[in-house]
Amino acid sequence: MHLRRLVSHPEFTIDQYGTFAWVNAYSDQPHLPSDQDLVQNDVECAVMLLKSKNGLPTKPTVWFGDVPETLIANEDGIQYEIRCLNSFHPGLFLDHQRTRQWLKDHSQGCTLLNLFSYTGSLGISAAMGGAIKTINIDLSNPTTQWAKKNAELNGLGPDHQFIKGDVFDWTQRFKKKNQTFDIVVSDPPSQSRSDEMHFSTQKHLDLLHQRCIDCVAPGGTLITSINTEVISEKVMIASVHNVAHRLGRKIKTYTDLPLPDGFESEFRAMKGLRVSFA
């Protein structure tokens, strides 16, 4: 099954999930390829979602073909439910493909904390790679239920938890109990609002990294990803280093999160780091 970024363009992107394509349009009248161009890439149906810079996106509308409500995508032997209609996103971020692969390859015998877990793909990748315990936390109940559905598709048991809750509340609980994890993953939205706080990556980047690093076990790994355009990779790296220094944690190595083919950096807000601690 093809799971890939088919087209990157300043006016739109096209992501392929098997025979289905999801189009994000960034202008009212994007200069899209013809549906025949997509058919030549084994696409049989497609939807388009208009993402305005001022306000929420609309629900996707059918571009062509007979679009199902859902389909099951298979990525490296792991199954995920894709929602083709009635959702603002199909549920699987393709720019994290190589991160999911790394987690599957490096989580054997590990514990993992997945923050802002969305539909659970990063934690599920680790679980399918042999992680002995994963905790996945997201503020949204609908996406938490979606993540549970993905876990069920892959036969995961009770050692892999999916919690509807506030990341900052839960990381504080872990700190009080001195509970740490071999791998901590953080992939937040640019903004979110809970009863406790209105979180913004711009305002709370250092606080976010502090809570993450507090939960990383000695010798563990932090995977941190930010999707905010105005936060540069330089600022992100500085935040991780400054917070680690303040907490007395020594960084052994850090590396950029690798991009899959088709994700040209000039069209991509996401930047990320994999940080190994002493």
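1. Two strands are taken to pair if DSSP finds at least two bridges between them. This criterion underlies the points that follow, which concern a predicted model. In that sense D15 is a residue of a paired strand, standing opposite W22 in β3.

2. The strand that holds D15 is β2, which covers residues 12-17, and its partner β3 covers residues 20-25. The two run antiparallel to each other and are joined over six bridges. A further facing pair in this ladder is F12 and A25, the latter in β3. Strands of a sheet in general pair through backbone hydrogen bonds, in either a parallel or an antiparallel sense.

3. The connection between β2 and β3 is a hairpin with two residues between the strands. In its turn, G18 has a positive phi of about 65°.

4. On its other side, β2 pairs with β1, again in the antiparallel sense and over six bridges. Here H9 stands opposite F12 in β2. F12 thus has a facing residue in β1 and another, A25, in β3. β1 and β2 likewise form a hairpin, with two residues between them.

5. Which wider arrangement do these strands belong to? They are part of an open sheet of five strands, in the order β1-β2-β3-β4-β5, with mixed pairing. The edge positions are taken by β1 (3-9) and β5 (61-64); each has a single partner strand, so one side of each lacks a neighbour in the sheet. From one strand to the next, the twist averages 25°.

6. Is β2 enclosed or open to its surroundings? Six of its six residues are buried, so β2 is largely enclosed by the rest of the structure. Side chains in a regular strand alternate between the two faces of the sheet. In β2 both faces are covered: F12, I14 and Q16 are buried on one side, and T13, D15 and Y17 are buried on the other. D15, the residue opposite W22, is therefore one of the six buried residues of β2.

7. Two non-glycine residues with positive phi deserve a reviewer's attention. D76 has a positive phi of about 55° although it is not a glycine. D76 lies in the loop between β6 (70-75) and β7 (78-83), and is partly exposed, with a relative accessible area of 41%. Y118, also not a glycine, has a positive phi of about 55°. The place of Y118 is the loop between β8 (111-115) and α3 (121-128).

Conventions: Residues are numbered from 1 along each chain as its sequence is written. This is a predicted model: local features need pLDDT of at least 70, side-chain atom pairs count only at pLDDT 80 or more; totals for chains, interfaces and linings use all residues. Side-chain values use heavy atoms; hydrogens and water are left out. Helices (H or I, at least four residues) and strands (E, at least two) are DSSP runs, numbered from the N terminus. Axes are lines fitted to C-alpha atoms, for helices over the stretch in contact, and angles run from 0 to 180 degrees between N-to-C directions. Buried means under 20% relative accessible area, exposed over 50%, partly exposed in between (1.4 Å probe, protein chains only).
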